[in-house]
Amino acid sequence: MSFSENLKEALDFRGMQIKELSAKTGISKNTIDNYLSGQKSLPNVEVCRSHWTTIEVNGKGVNKGLACRKIAEAYGLKDDEVVVCGDGGNDLAMMKEFPIPLAPAGAEDKIKEAAWEVCASVEEGGICGRLIEMIEEGQ
């Protein structure tokens with residue numbers, strides 16, 4: 001499949017996702033598309049992408065940051081005892097929630113900007129290699 005065919009398929013897939021999201025939420029396709037392009041906000045929901053072909057919709061405030069916060073509290077962990085790792089838009093809230101966020105070299109730019117440290121690529125050991133180093137160093 002050529003690049004242009006792949007791109008068309010991805011855009012068609014995005015359109016199908018928006019249509020399905022619109023049908024499930026009652027929010028117009030145009031409003032959803034405007035939100036995704038950063039032109040508008042949606043009431044009571046947060047929309048993000050975890051992959052260029054995937055749209056995630058959650059209630060406002062429901063995200064990986066909140067989930068990790070609840071888990072840390074349940075285990076009695078302090079913020080500096082939690083290392084979070086992410087590479088896509090659905091990880092941003094989590095990356096901002098804790099002081100030690102790691103991102104692999106191939107992460108989205110906004111994730112790398114939020115990271116405490118950008119690790120090597122996945123092929124070069126990435127986050128796993130860095131976590132091993134941190135454990136060995138007693139961090």
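Which pattern does the protein chain follow, read along the sequence? I read α-α-β-β-α-β-α-β-α-β-α.

**Ground rules.** I am working with a predicted model, in which local features need pLDDT of at least 70 and side-chain atom pairs count only at pLDDT 80 or more, while totals for chains, interfaces and linings use all residues. Residues are numbered from 1 along each chain as its sequence is written, and side-chain values use heavy atoms, with hydrogens and water left out.

**Overall.** I listed 6 helices and 5 strands in the protein chain; helices (H or I, at least four residues) and strands (E, at least two) are DSSP runs, numbered from the N terminus. Of the 139 residues, 31% are buried. Here buried means under 20% relative accessible area, exposed means over 50%, and partly exposed falls in between (1.4 Å probe, protein chains only). The chain exposes about 8,900 Å², with carbon and sulfur atoms supplying 54% of it; I used the Shrake-Rupley method with a 1.4 Å probe, and for residues only the protein chains shown count as cover. I also looked at contacts (heavy atoms within 4.5 Å). Among those between residues at least 6 apart in sequence, 25% join residues at least 24 apart.

**Salt bridges.** Side chains of opposite charge can pair when their charged atoms come close. My criterion was a side-chain nitrogen of Lys or Arg within 4 Å of a carboxyl oxygen of Asp or Glu. How many salt bridges does a search of the whole structure find? I got 7.

Arg69 caught my eye, being buried at 16% relative accessibility. Its side chain meets that of Asp79 in a salt bridge (2.6 Å, N to O). This pair links helix α3, where Arg69 sits, to the loop between α3 and β3, where Asp79 sits, 10 residues apart. Arg69 also meets Glu97 at 2.8 Å, N to O. That second pair joins helix α3 to helix α4 across 28 residues. Both acids count as partly exposed, Asp79 at 30% and Glu97 at 31%.

Next I checked Glu117, whose salt bridge with Arg130 has its closest N and O atoms 2.8 Å apart. The two are 13 residues apart, Glu117 in strand β5 (residues 117-118) and Arg130 in helix α6 (residues 126-136). Glu117 is partly exposed at 23%, whereas Arg130 is buried at 10%. Salt bridges with shared partners join Glu117, Arg130, Glu133 and Glu137 into one network.

**Cysteines.** With a disulfide taken as a pair of cysteine sulfur atoms within 2.5 Å, I counted 0 disulfides. Why is Cys85 in no disulfide? The nearest cysteine sulfur, that of Cys119, is 7.2 Å away, so the pair is not within 2.5 Å. Cys85 is partly exposed, with a relative accessible area of 29%, and Cys119 is buried at 7%.

**Asp91.** Buried or exposed? Asp91 is buried, with a relative accessible area of 3%. I found Asp91 in the loop between β3 and α4 (92-97). A polar atom of its side chain lies 2.9 Å from the backbone nitrogen of Asp87. Leaving out residues up to four places away in sequence, Asp91 touches Lys64, Gly86 and Ile111.

**Surface.** Last, I noted a nonpolar patch of about 340 Å² made by Ile71, Tyr75 and Leu77. Patch residues have over 30% relative accessible area and no salt bridge; like charges are joined within 9 Å and nonpolar side chains (Val, Leu, Ile, Met, Phe, Trp, Tyr) within 5 Å. Tyr75 is exposed at 65% and belongs to the loop between α3 (64-74) and β3 (84-85).

Terms used. Polar contact = N/O pair within 3.5 Å; in protein donor to acceptor, adjacent residues only side chain to side chain.
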